[in-house]
Amino acid sequence: MGCKVMETKPEDDIPSSESMKKYNKGVKHLCENGIDNVPKKYIFPASQRINENEVLLSLKLPVIDFAELHGPNRQNVLHSISKALENYGFFQVINHGISNDTIENTIDVSGRFFQQPMEERSKYMSTDLRALVRYGTSFNQSKDSVFCWRDFLKLDCHAMEDSLPHWPISPSDFSESIFEYAKQNKFLFFKIMEAIIESLGIIPKSTEDNSNENDEALKEFVSQEFENGSHLMVINHYPSCPQPELTLGIPPHSDYGFLTLLLQDEVEGLQIQHEGQWLTVESIPNSFVVNVGDHLEIFSNGRYKSVLHRAIVNSNRSRTSVASLHSMPVKNMVRPSPTLINEENPRRYLDTDFATFFNFISNCELKEKDFLDSRKC
């Protein structure tokens, strides 16, 4: 659903308590009430915006065929994962085992949540960063000096049996669909992490004849580190925008966890920074975009880097994406793996945890990789 075009009133661009109340209700609410110009609250500085005369360059991320990880080609796939994360911080995974029906249901029910009246969506509105369910806008509407063109629904999926009663009950199939997707997404995360741990060489290998022993060691390591790990799902809605060249869906940032698995609809909007350029990621139907988070950069002692990425918007179509952010348990300390530290590659990051991160974002406007930079030795 796009924005309904109406004349923008002059007072819409005057920062006031009344206008801020309106902005805090989200971009979808603005569009439902009709605008034909982007309010000043959403206009980014010229240096951060997309040049309207700029040719948008597309990028085909390295594609990892997940099915091949379980066959004789495993070592080649592990090498491809390593190179992708070293060079891009991203890859796309296909043949991942999550059915097309599950993916389609997830995108469909996510879109229908945002199509509901404001009265229904606002039931979950909160500025509490630790809320089990949180509907909001921008990044952190309490701190952001400029709002981004995004509304979101965040769901705590760590202990779903506890958080599920707090999830939206409308649409009627929302909880059931998202619960099933979250379970399968968590399983996929475990399998990808096993491959990444193996690619880093953290688990000593036994002989070729003992491949089962290697597999068990990987599973045990990942299970111990991530069994009760953090799992946050963020359903993003980017309404069509009357002046997309003035704003961003999400400004440049890195993700704070270990891995993010991103599911997108067919509308492109994800951009990553690569070799000094912003490139639009080409969408592959029924695939996942996988990217390194700050915690994995710390754990790998800088070998795999979390890369700046952002979301752009367009004037024709709204866009829906579902980001699943996975990491260690909230109370655990994240630190460089001792096996990756030596004289040639000294320790580069301080220990950190979620409490440190929440304290940082509660007191600062989060920009680019500011938090990770604060953890460097």
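**Exercise 1.** In this predicted model, determine which residue of E10 stands opposite Leu59, and how many bridges join strand E1 to E10.

*Solution.* Step 1: the partner of Leu59 in E10 is Val281. Step 2: Leu59 belongs to the pairing of strand E1 (residues 57-59) with E10, which is joined by 3 bridges and runs parallel.

**Exercise 2.** State in which sense strand E9 pairs with E10, parallel or antiparallel, and describe the connection between E9 and E10.

*Solution.* Step 1: strand E9 (residues 270-274) pairs with E10 over 4 bridges, in the antiparallel sense. Step 2: within this pairing, His274 faces Gln277 of E10. Step 3: E9 and E10 make up a hairpin that leaves 2 residues between them. Step 4: in the turn, Glu275 adopts a positive phi of about 55°.

**Exercise 3.** Explain why strand E10 is described as largely enclosed by the rest of the structure.

*Solution.* Step 1: a residue is buried when its relative accessible area is under 20%. Step 2: of the 5 residues of E10 (residues 277-281), 4 are buried; the strand is therefore largely enclosed by the rest of the structure.

**Exercise 4.** Compare the expected span of helix H3 with the separation of its end C-alpha atoms, and establish where its buried residues lie around the axis.

*Solution.* Step 1: the expected span is 1.5 Å times one less than the number of residues. Step 2: for the 14 residues of H3 (residues 74-87) this gives 20 Å, and the end C-alpha atoms are 20 Å apart, in agreement. Step 3: the buried residues of H3 are Arg74, Val77, Leu78, Ile81, Ser82, Ala84 and Leu85. Step 4: viewed down the axis of H3, these buried residues occupy an arc of 165°, so they line one face of the helix. Step 5: just after H3, Gly89 has a positive phi of about 75°.

**Exercise 5.** Classify the ring pair formed by Phe114 and Tyr135, and identify the elements that the pair ties together.

*Solution.* Step 1: the structure contains 20 aromatic pairs. Step 2: for Phe114 and Tyr135, the ring centres are 6.1 Å apart and the planes are at 45°, so the pair is tilted. Step 3: Phe114 lies in helix H4 (residues 100-114) and Tyr135 in strand E4 (residues 133-137), so the pair ties together parts 21 residues apart in sequence. Step 4: Phe114 counts as buried because its relative accessibility is 0%; Tyr135, at 1%, also counts as buried.

**Exercise 6.** Identify the ring over which the charged end of Arg310 sits.

*Solution.* The charged end of Arg310 sits over the ring of Trp278, 4.2 Å from its centre.

Conventions: Residues are numbered from 1 along each chain as its sequence is written. This is a predicted model: local features need pLDDT of at least 70, side-chain atom pairs count only at pLDDT 80 or more; totals for chains, interfaces and linings use all residues. Side-chain values use heavy atoms; hydrogens and water are left out. Buried means under 20% relative accessible area, exposed over 50%, partly exposed in between (1.4 Å probe, protein chains only). Two strands pair if DSSP finds at least two bridges between them. The arc is that of the directions from the helix axis to the C-beta atoms. Rings of Phe, Tyr and Trp (its six-membered ring) pair if their centres lie within 6.5 Å; planes under 30 degrees apart count as stacked, over 60 as edge-to-face and the rest as tilted. A charge sits over a ring if NZ of Lys or CZ of Arg is within 6 Å of the ring centre and within 35 degrees of the ring normal.
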